[in-house]
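Open the model in your viewer and keep the selection tool handy. We will go from stop to stop, picking residues and looking at what surrounds them.

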Amino acid sequence: MALPIGARSIRQWFLLFVLLSVVFNFTFFLSKSTKEHLLSAADEPLAQQSTTANEQLHQHQNSFNACFSVNSPEWLQGARMGNVNDSSLLDLDILPPLSQRLDSFGHDYFLQDLLDQSICADGSRFRQFTDQQELQSMDAITDAAIIKQWTMRLVYWSMHYHQTRHARREAKHRQEQASKGIDCYPPASTVGPYDYECSNAKYIAIGLSSPIGLGANVRLGMINGYLHALIADRIVIWVNDSPVGSEEFLQVPWAQVSCDDGKRARRDTQCFFMPSTPCVLTEQDLEQAYFLTKEEADSMYDHGIPPAGHENDKVWQVRLYYWNQGHTPRLAAERLRNHSYSLIEEHFTSANDQFKKLLYQAADNILTPDPPRSGHSYPAANTKAHHALAVYALRPRRDKAKQMKDLLEDLKARNSIDSEFSVGLPVRATYRSNKACLVQVFTSAKHFS
């Protein structure tokens, strides 16, 4: 039976409504599913990034814990007065790996590396070991010049040992971690490559003077500081521009230098020279330092008597009174001789007997008073220990040494130096007499631009 026209229209509209509803719901479902899929796809890289960041953080924490497990929380979490952040300063400067302790006749590679850190020229007698054939003869054992050269090297080496020995345990531990593929010094590390706690060490903190020049600071300041440290059996550390400590001395910037290590401008010796020690104090250590009176410092230097009641204090602060020393104190010389014995026994155990005899004679020669030197009347003109300590104090950082070498090579390549565009730098006192360490300094107009 046919429906009336109106009824068919209603039915058609109803069917159209149902069809539109189905289409709408399907479209909505599809749109929602697509959106959810797209959001999920967009979130996936973020989730991966978050997972990667967490993994990196976890890995860094594990590496940190492995590398510095021998250090105390107080040192790790405290405000440390770290050494310059120089990647060329490595634990190999403190303790060579066992695989590199080659004690072949007269050529210990660790010693050679240390000598090459000096400011002495490549061909200087100080850096070049004497020929092996010459050392095998009996004449070498009685040759005063050869003995003196080795005495100079042993004093230099012994001072380095004195300043670094308390970091050896930590250096060995870090080397072991490196052998496992662990990076102890990623960019995010808060401990620098030459920062060590040295938990058993005691210190003498000395601020270098600004009103006087570099030569006087080295000859009358740093050398005396090293001698103080040897007598007291403490590590000497140069402190300038410190946020804590004596306002009159330790907080005063060293006017000789100014550089930026990437964090803040350094106004201390490490702007140009290598750190005096890998051992690093905290600000709290320096705040609690005992300040020696002049009488106490003199008693310590002259007689080895520590200040009463402060014998075991971790840090002493000593003010230097830049005076000339015409001799090496006996207590300091004995410490250097004893360190030399230890180094000979450690590094030259299988060396030729004649050569070891020479080394022990050179070590004993540290105690021998220096004879007067004709034509040189100034204090320490003939003091071999003072000369070697000056060479040790003047070790440039490796990047600075490279800059100097590149400059020299550039000038040498010119085959001539125009005197109209050159300047002469006077070299005074001790360094004038130390022919074993020849330092050449040139400059030209190019390097003033």
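Is Cys279 buried or exposed? Select Cys279: at 1% relative accessibility, this cysteine counts as buried. Keep in mind throughout the tour that this is a predicted model.

**Stop 1: the partner of Cys279**

Now add Cys198 to the selection. A disulfide joins Cys198 to Cys279, with the sulfurs 2.1 Å apart. Look along the S-S bond: the torsion there is about -80°, so this disulfide is left-handed. Then zoom out and follow the chain from each end of the bond. Cys198 sits in the loop between helix 7 and strand 1, while Cys279 is in the loop between strand 4 (265–266) and helix 9 (283–287), so to get from one cysteine to the other along the sequence you cover 81 residues. Cys198 is buried too, at 0% relative accessibility.

**Stop 2: the other disulfide**

The structure holds 2 disulfides, so select Cys67 and Cys184 next. These two are joined with an S to S distance of 2.0 Å. The torsion about their S-S bond is about -85°, which makes this a left-handed disulfide. Cys67 belongs to helix 1 (residues 5–67) and Cys184 to the loop between helix 7 (168–179) and strand 1 (203–206), so the bond ties together parts 117 residues apart in sequence. Both ends are buried: Cys67 has a relative accessible area of 1%, and Cys184 one of 7%.

**Stop 3: the nonpolar cores**

Select Trp150, Trp157 and Tyr226. Within the largest nonpolar core, which has 65 residues, these three touch the most other members. Colour helix 6 (residues 144–164) as well, since the largest share of this core, 10 residues, comes from there. Apart from this core lies another, of 23 residues, including Leu95, Tyr194, Val244 and Cys198, the cysteine you met at the first stop.

Which residues does Trp157 touch, leaving aside those up to four places away in sequence? Show its surroundings and you will find Phe110, Leu111, Leu114, Leu343, His347 and Phe348.

**Stop 4: two crossing helices**

Finally, show helix 8 (residues 214–232) with helix 13 (residues 384–393). Their axes come within 10 Å and cross at roughly 100°; the two helices are therefore roughly perpendicular to each other. To see the contact, display the side chains of Val218, Met222, Ile223, Tyr226 and Leu227 in helix 8, which meet His386, Leu389, Ala390, Tyr392 and Ala393 in helix 13. Sorted by class, this contact has 9 nonpolar residues, 1 polar and no charged ones.

Key
Residues are numbered from 1 along each chain as its sequence is written. This is a predicted model: local features need pLDDT of at least 70, side-chain atom pairs count only at pLDDT 80 or more; totals for chains, interfaces and linings use all residues. Side-chain values use heavy atoms; hydrogens and water are left out. A nonpolar core is a set of buried Ala, Val, Leu, Ile, Met, Phe, Trp, Tyr and Cys residues joined through side-chain atoms within 4.5 Å. Buried means under 20% relative accessible area, exposed over 50%, partly exposed in between (1.4 Å probe, protein chains only). Helices (H or I, at least four residues) and strands (E, at least two) are DSSP runs, numbered from the N terminus. Contact means heavy atoms within 4.5 Å. A disulfide is a pair of cysteine sulfur atoms within 2.5 Å. Axes are lines fitted to C-alpha atoms, for helices over the stretch in contact, and angles run from 0 to 180 degrees between N-to-C directions. Angles under 35 degrees count as roughly parallel, over 145 as roughly antiparallel, 65 to 115 as roughly perpendicular and the rest as oblique. Ala, Val, Leu, Ile, Met, Phe, Trp, Tyr, Cys and Pro count as nonpolar, Asp, Glu, Lys and Arg as charged, and the others, Gly among them, as polar.
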